[in-house]
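Please read this explanation with the sequence and the coordinates open side by side. It goes from the whole chain to single residues.

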Amino acid sequence: MFFSVKTYLNVMIEHTKTTSFSAETRTFGTMTNGDTCHFFTLNSGNGCVVSISEFGAAITSIKLANSKGYFQEICLGFDDLDGQLNDTQNIGVTVGRYANRIANAAFEVNGNTYELDDNIAPHQIHGGRGGLGRQLWQGSLIETLSLIHI
């Protein structure tokens with residue numbers, strides 16, 4: 001089950017007046033419930049381009065210019081929303097509410113046992129089926145004199 005959370009991504013690229021920074025937004029795809037997922041690309045203007053999907057607040061691409069000026073991908077990510085929706089490895093996503101696994105999808109606090117969904121049976125990993133990496137975040141570009149925020 002997917003639902004929106006009104007939490008904003010706080011990813012930014014620093015820039016100065018002398019660089020040709022840019023930022024763009026495009027539609028990345030449509031969620032199963034009909035919500036639109038957006039995709040943001042930030043270009044520092046000095047050899048770094050980062051792309052982020054609202055689904056999972058996932059970094060889908062990081063490209064760096066090599067010594068000859070050619071951009072090379074250094075990040076594992078998806079080219080479309082369907083790839084992200086079908087991902088079982090949490091590639092590039094914001095992990096949470098906790099990272100790593102909870103053994104046997106259960107934990108105990110003060111003598112009370114709490115059972116969780118076992119998204120990687122028999123364990124729960126990275127917040128489970130409803131973790132932060134499985135949410136549709138709401139992003140918007142905010143540009144100032146020295147930063148671009150999403």
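The paragraphs below describe the overall make-up, one hairpin, one aromatic residue, some backbone features and a pocket.

This is a predicted model. The protein consists of 150 residues, and 33% of them count as buried. Its secondary structure comprises 14 strands and one helix. Among contacts with a separation of 6 or more, 51% are between residues 24 or more positions apart. The accessible surface amounts to about 9,100 Å², and carbon and sulfur atoms contribute 51% of that area.

A hairpin is a convenient place to begin. Strand β3, residues 22-30, runs antiparallel to strand β4, residues 36-43, and eight bridges join the two. Within this pair, T25 stands opposite F40 of β4. Five residues lie between the strands of the hairpin, and G34 in the turn has a positive phi of about 95 degrees.

Further along the chain, F71 belongs to strand β7, which covers residues 71-73. How does F71 count in terms of exposure, and at what relative accessibility? F71 counts as partly exposed because its relative accessibility of 43% falls between the 20% and 50% cut-offs. Leaving aside residues up to four places away in sequence, F71 touches G47, C48 and V49, and also K63, L64 and A65. V49 is 22 residues from F71 along the chain, with 8.7 Å between their C-alpha atoms.

Several loops have backbone features to check. The peptide bond between G96 and R97 is cis, with omega at about 15 degrees. R97 sits in the loop that connects α1 (81-85) to β8 (101-102). Another cis peptide bond leads from A121 to P122, where omega is near 5 degrees. The loop containing P122 runs between β10 (112-115) and β11 (124-125).

Positive phi values also occur at residues other than glycine. A105, in the loop between β8 and β9 (106-109), has a phi of about 50 degrees. A105 has a relative accessible area of 5% and therefore counts as buried, the cut-off being under 20%. H126 is likewise not a glycine, and its phi is positive at about 55 degrees. H126 lies in the loop from β11 to β12 (136-137).

The second largest pocket brings back one of the cis bonds. The lining of this pocket includes G96 and R97, the two residues joined by a cis peptide bond. Y98, L116, D117, Q124, G127, G130 and G131 are also part of the lining. By class, the lining has five polar, two nonpolar and two charged residues. The space in this pocket is about 160 Å³.

Conventions:
Residues numbered from 1 in each chain as written. Predicted model: local features only at pLDDT ≥ 70, side-chain atom pairs only at ≥ 80, totals over all residues. Heavy atoms only, no water. 1 Å grid on protein atoms, 1.4 Å probe; cavity = no way out; pocket = protein on both sides within 12 Å on 5 of 7 lines; lining within 4 Å. Points joined across faces, edges and corners; volume = space filled by probe spheres on them. Nonpolar A, V, L, I, M, F, W, Y, C, P; charged D, E, K, R; others polar. Helix = DSSP H or I, 4+ residues; strand = E, 2+ residues; numbered from the N terminus. Buried < 20%, exposed > 50% of the residue type's maximum accessible area, 1.4 Å probe, protein only. Contact = heavy atoms within 4.5 Å. Areas by Shrake-Rupley, 256 points an atom, 1.4 Å probe, with all protein chains shown as cover. Pairing = 2+ DSSP bridges.
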